[in-house]
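Me: I'm new to reading protein structures, and I'd like a close look at the salt bridges in this one. Could you walk me through where the partners sit and how open they are to the surroundings?

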Amino acid sequence: MKNTMMNLTEEEMLELWKTRLRLLPARRDCAVERDDGIDIDNVLLTDIREWYARLLAGGSVQWLPVADLSAEVECATDDEGVVTAQLPPQCVRPVEWKLAGWKRGVVQFHAAGSYTDMCQRNIYLRGDALAPVAVLHDDRLVLYSVEPGTAAVVEQARCVVRPADGSYCFHEAALSTMHDYLKL
C-alpha cells in the first residue's frame, strides 16, 4: 500500500466531509433564508470527531499515525519482575512493545480480566523473556515479565497516537470507513 497519509486541519476536514456528502459546492445563484435550520457545521464536526476517535481506537494501524513513545514511558517493576508501564497521554492504543532482555516484542495486548490475564498470576504460566505477555488496563500496560530484581527498560513502545496539534492524520484509504460510520 502506497503511503499516502493525509494531515488535515479541522477546517480542511469539514470541507472534505461536506464535499464527500455532496453538500459542496454550494449553490450561489439563489437566496434562501431559514430560521429553524440546524447548524450543519457543528453536526458534521461532532460526527468527524467521533469517526476519527473510532478510527484511532480500532482502525488498521497502516492507516494511522504511529510513534515510538519509549522515551516518555514511566515504568515500575515489582519483586517478581512484573512491569507496570504508564501509557503516555498521546497514546490511543499500543501497537508493539519490547523491553530490554525480551527475545521478541509483543503485538497482542490482552484485556484486563481475560483468561490470559488470569494466567499471569501463576508464576509458571506467566510470560517471560521468551514469550512475553502484555495486559492492557485502561491507561497502563502490565508487562510479563523481566528477570526479578532488574529494572525494566522500554526499548520500543510503538503506539497509535493522536496528533498533539488537533489535526487529523490518516491514510486516504481510511476515508472508505466514513460511509460505514454514517450508514449511507
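Reply: Happy to! Let's start with one residue: Glu50 has a relative accessible area of 34%, so it is partly exposed. Its partner in a salt bridge is Arg54, and the closest N and O atoms of the two are 3.0 Å apart. Arg54 has 49% relative accessibility, so it too counts as partly exposed, given that exposed means over 50%. Both residues belong to helix H2, where they are four residues apart, about one turn of the helix.

Keep in mind that this is a predicted model. Across the whole structure, a search finds six salt bridges, so let's visit two others.

Helix H2 also takes part in the next one. Arg49 pairs with Glu10, again with 3.0 Å between the closest N and O atoms. This pair links distant parts of the chain: Arg49 is in helix H2 (residues 40-58) and Glu10 in helix H1 (residues 10-20), 39 residues apart. Arg49 is partly exposed at 42%, and Glu10, at 25%, is partly exposed as well.

Finally, look at Arg126 and Glu80, a salt bridge whose closest N and O atoms are 3.0 Å apart. Here the partners are 46 residues apart and both sit in loops: Arg126 between helix H3 (115-119) and strand S7 (133-137), Glu80 between strand S3 (74-77) and strand S4 (83-86). Glu80 is partly exposed at 44%. Arg126 has 12% relative accessibility, so it counts as buried, because buried means under 20%.

Technical notes. Residues numbered from 1 in each chain as written. Predicted model: local features only at pLDDT ≥ 70, side-chain atom pairs only at ≥ 80, totals over all residues. Heavy atoms only, no water. Salt bridge = Lys/Arg side-chain N within 4 Å of Asp/Glu carboxyl O. Helix = DSSP H or I, 4+ residues; strand = E, 2+ residues; numbered from the N terminus. Buried < 20%, exposed > 50% of the residue type's maximum accessible area, 1.4 Å probe, protein only.
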